[in-house]
Amino acid sequence: MPFDFRRFDIYRKVPKDLTQPTYTGAIISICCCLFILFLFLSELTGFITTEVPTLGEESVQASWQWLTQS
């Protein structure tokens, strides 16, 4: 009994008992799910990855001068 690839067609417009899944629909469904997963993972890694900005030497000196003048 071979695996039926058409079961992945999740974008049906009418009730399940009145439709026939297609290979094209299954391919589109799998591509959409993979794209959604890619977007989710890229946003998640961007959220998790923290980047600490470093101040340049001029900024540190200017800030120190401003603090000592006050």
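## Overall fold

The protein chain has a secondary structure of two helices and zero strands, and the model described here is a predicted one. Of the 70 residues in the protein chain, 7% are buried. The chain exposes about 6,800 Å² of surface, and carbon and sulfur atoms supply 67% of that area.

## Helix α1

Helix α1 covers residues 23–48. With 26 residues at 1.5 Å a residue, α1 should span 38 Å, and because its end C-alpha atoms lie 37 Å apart, the expected and modelled lengths agree. The buried residues of this helix are Gly25, Ala26 and Ser29.

Gly25, which belongs to α1, has a relative accessible area of 13% and is therefore buried, since the cut-off for that class is under 20%. Gly25 is also 7.7 Å from Phe8, C-alpha to C-alpha, although 17 residues separate the two in sequence.

## The annotated region

In an unreviewed entry, UniProt lists residues 21–41 under "transmembrane region". Across residues 21–41 the model is 90% helix and 0% strand, with the end C-alpha atoms 29 Å apart.

## A nonpolar surface patch

Leu34, Leu37, Phe40, Leu41, Leu44, Phe47 and Ile48 make a nonpolar surface patch of about 740 Å². In an α-helix there are 3.6 residues a turn, so residues three or four places apart point the same way. Leu34, one of the patch residues, lies in helix α1 and has a relative accessible area of 52%, so it counts as exposed, the cut-off being over 50%.

## Cysteines without disulfides

A disulfide is a covalent bond between the sulfur atoms of two cysteines, and the structure holds zero of them. For Cys31, the closest cysteine sulfur is that of Cys32, at 7.0 Å, which is too far for a bond because a disulfide requires the two sulfur atoms to be within 2.5 Å. Cys32 is likewise in no disulfide, and its nearest cysteine sulfur, that of Cys33, is 6.9 Å away.

As for their surroundings, Cys31 has a relative accessibility of 46% and so counts as partly exposed, while Cys32, with a relative accessible area of 30%, is also partly exposed.

Definitions and conventions:
Residues are numbered from 1 along each chain as its sequence is written. This is a predicted model: local features need pLDDT of at least 70, side-chain atom pairs count only at pLDDT 80 or more; totals for chains, interfaces and linings use all residues. Side-chain values use heavy atoms; hydrogens and water are left out. Patches are made of residues with over 30% relative accessible area and no salt bridge: like charges are joined within 9 Å, nonpolar side chains (Val, Leu, Ile, Met, Phe, Trp, Tyr) within 5 Å. Accessible areas come from the Shrake-Rupley method with a 1.4 Å probe; for residues, only the protein chains shown count as cover. A salt bridge is a side-chain nitrogen of Lys or Arg within 4 Å of a carboxyl oxygen of Asp or Glu. Helices (H or I, at least four residues) and strands (E, at least two) are DSSP runs, numbered from the N terminus. Buried means under 20% relative accessible area, exposed over 50%, partly exposed in between (1.4 Å probe, protein chains only). The expected span of a helix is 1.5 Å times one less than its number of residues. UniProt positions are given in the numbering used here, feature names are shortened, and annotations may be inferred rather than shown by experiment.
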